[in-house]
Amino acid sequence: MPTNVLGQNLQCCCTQPMTGFYRDGYCRTGAGDVGLHTVCVQVTEEFLLFSRSRGNDLMAPAPQWDFPGLQPGDRWCLCVTRWKEAFDAGVAPKVCLEATHSSAIEWVNLEDLKAHALPMGE
């Protein structure tokens with residue numbers, strides 16, 4: 001089992017909508033995941049608008065990938081570089097540390113993730 005940024009077993013991020021590079025609910029990565037979908041976030045309207053302004057409209061449904069589009073409050077396995085970009089812009093969404101893959105700290109500071117952490121178990 002992969003580990004999270006807290007050094008524990010990686011927890012499921014979300015299955016409604018189904019998320020993760022492998023569409024199994026987990027923010028794990030592997031060969032072919034050039035986006036590194038490793039950060040489990042709870043999206044906000046502010047973040048979704050920011051992402052759309054950067055060319056990735058996560059609100060728009062994509063039926064070809066069985067993707068209903070995200071709404072504020074949904075959880076999603078986000079690319080670590082997009083989270084960092086949103087953090088630098090002051091619009092980073094909250095993070096579920098238990099469901100964020102340990103490799104995320106190769107790209108972002110653990111303290112920054114902790115500063116944006118959702119309460120444990122939420």
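**Close-up 1. Cys40 and its bridge partner in β2.** In this predicted model, Cys40 has Cys77 as its bridge partner in β2. A second bridge partner in β2 is Cys79, which pairs with His37. Strand β1 covers residues 37-42, and five bridges join β1 to β2. The two strands run antiparallel.

**Close-up 2. The open sheet and its edges.** Three strands make up an open sheet, in the order β2-β1-β3. The pairing is antiparallel. Which strands form the edges? They are β2 and β3, the latter spanning 94-95, and each pairs on one side only. Being an edge strand does not leave β2 uncovered: five of its five residues are buried.

**Close-up 3. The largest pocket.** The volume of the largest pocket is about 380 Å³. Its lining consists of 17 residues. Nearest the centre lie Arg23, His37, Asn56, Leu58 and Trp76. One of these, His37, is the bridge partner of Cys79. By class, the lining of the largest pocket holds 10 nonpolar, four polar and three charged residues. Which elements supply at least two lining residues each? They are β2 (75-79) and α2 (80-88). The largest share, four residues, comes from β2.

**Close-up 4. Asn56 at the pocket.** Asn56 is among the residues nearest the centre of the largest pocket. It sits in the loop between α1 (45-53) and β2. Is Asn56 buried or partly exposed? Its relative accessibility is 34%, so Asn56 counts as partly exposed. Leaving aside residues up to four places away in sequence, Asn56 touches Ser51 and Arg82. Leu70 lies 14 residues from Asn56 in sequence, and their C-alpha atoms are 12 Å apart.

**Close-up 5. A tilted pair, Phe67 and Trp76.** The structure holds three aromatic pairs. One of them joins Phe67 and Trp76, with 5.1 Å centre to centre and 50° between the planes. This pair is tilted. Both Phe67 and Trp76 are buried. Trp76 also appears in the pocket view, as one of the residues nearest the centre of the largest pocket.

**Close-up 6. A stacked pair, Trp83 and Phe87.** A pair of aromatic rings is described by two values, the distance of the centres and the angle of the planes. For Trp83 and Phe87 these are 5.4 Å and 15°, and the pair is stacked. How are the two residues placed in helix α2? They are four residues apart, so about one helical turn separates them. Burial differs between the partners. Trp83 has 0% relative accessibility and therefore counts as buried. Phe87 has a relative accessible area of 24%, which makes Phe87 partly exposed because the buried class ends under 20%.

**Close-up 7. The surroundings of Trp83.** Trp83 lies in helix α2. What does Trp83 touch, apart from residues up to four places away in sequence? The contacts are Val39, Val41, Leu78, Ala92, Pro93, Val95, Val108, Asp112, Leu113 and His116. Trp83 and Lys94 are 11 residues apart along the chain. Their C-alpha atoms are separated by 9.8 Å.

How values were computed:
Residues numbered from 1 in each chain as written. Predicted model: local features only at pLDDT ≥ 70, side-chain atom pairs only at ≥ 80, totals over all residues. Heavy atoms only, no water. 1 Å grid on protein atoms, 1.4 Å probe; cavity = no way out; pocket = protein on both sides within 12 Å on 5 of 7 lines; lining within 4 Å. Points joined across faces, edges and corners; volume = space filled by probe spheres on them. Nonpolar A, V, L, I, M, F, W, Y, C, P; charged D, E, K, R; others polar. Phe/Tyr/Trp six-rings, centres within 6.5 Å; stacked < 30°, edge-to-face > 60°. Buried < 20%, exposed > 50% of the residue type's maximum accessible area, 1.4 Å probe, protein only. Pairing = 2+ DSSP bridges. Contact = heavy atoms within 4.5 Å.
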